[in-house]
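Trainee: I would like a close look at a single part of this protein. Please take one helix and its charged side chains, and then place that part in the rest of the chain.

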Amino acid sequence: MTTLTIEIPDGDSSLLSELIKFTKNAGLKVSISNDEDNLSESEFQSLKNAAEEAVLIKKGLSKGIPVSELWND
């Protein structure tokens, strides 16, 4: 596998959109990161925990919380 990194100015969303369309049409994987918005260690851990929980729910190994119960404090 070859990885190509292209830096695009934040204000040039039309170019980014065209590049994404081109790469997806070619069957390539698109991965977007924004180095200016790096997560703190605790934010990254929370995101990782949420992703792991989502996988467990999808596999039926854990029960999700209905939206109607999320704000019943």
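Mentor: What follows starts with the salt bridge and then moves outward to the rest of the protein. The model is predicted, and a search of the whole structure finds one salt bridge. The partners are Lys 21 and Glu 18, whose closest N and O atoms lie 3.6 Å apart. The cut-off for such a pair is a side-chain nitrogen of Lys or Arg within 4 Å of a carboxyl oxygen of Asp or Glu, and the distance of 3.6 Å between Lys 21 and Glu 18 meets that. As a general point, side chains of opposite charge can pair when their charged atoms come close.

Both residues sit in helix α1, three residues apart, so about one helical turn separates Lys 21 from Glu 18. Neither partner counts as buried or as exposed, because the class in between runs from 20% to 50% relative accessible area. Lys 21 has a relative accessible area of 46% and is therefore partly exposed. Glu 18, at 47%, is also partly exposed.

The helix that carries this pair covers residues 13-25, which makes 13 residues. From its first C-alpha to its last, α1 reaches 18 Å, close to the 18 Å expected at 1.5 Å a residue. After α1 comes Gly 27, with a positive phi near 80°.

Helix α2 can be read in the same manner. It takes in residues 41-58, and because 18 residues at 1.5 Å a residue should span 26 Å, the 26 Å between its end C-alpha atoms agrees with expectation. Just after α2, Gly 60 has a positive phi of about 80°.

That leaves helix α3, made of residues 67-70, where Val 67 is found. Val 67 counts as exposed because its relative accessibility is 58%. Together with Ile 65, Leu 70 and Trp 71, Val 67 makes a nonpolar surface patch of about 480 Å².

For the protein as a whole, there are three helices and zero strands, and the pattern along the sequence is α-α-α. Of its 73 residues, 1% count as buried. The accessible surface comes to about 7,100 Å², and carbon and sulfur atoms account for 55% of that area.

To return to the part you asked about, helix α1 holds Lys 21 and Glu 18 about one helical turn apart, and their salt bridge is the one found in the whole structure.

Key:
Residues are numbered from 1 along each chain as its sequence is written. This is a predicted model: local features need pLDDT of at least 70, side-chain atom pairs count only at pLDDT 80 or more; totals for chains, interfaces and linings use all residues. Side-chain values use heavy atoms; hydrogens and water are left out. Helices (H or I, at least four residues) and strands (E, at least two) are DSSP runs, numbered from the N terminus. The expected span of a helix is 1.5 Å times one less than its number of residues. Patches are made of residues with over 30% relative accessible area and no salt bridge: like charges are joined within 9 Å, nonpolar side chains (Val, Leu, Ile, Met, Phe, Trp, Tyr) within 5 Å. Accessible areas come from the Shrake-Rupley method with a 1.4 Å probe; for residues, only the protein chains shown count as cover. Buried means under 20% relative accessible area, exposed over 50%, partly exposed in between (1.4 Å probe, protein chains only).
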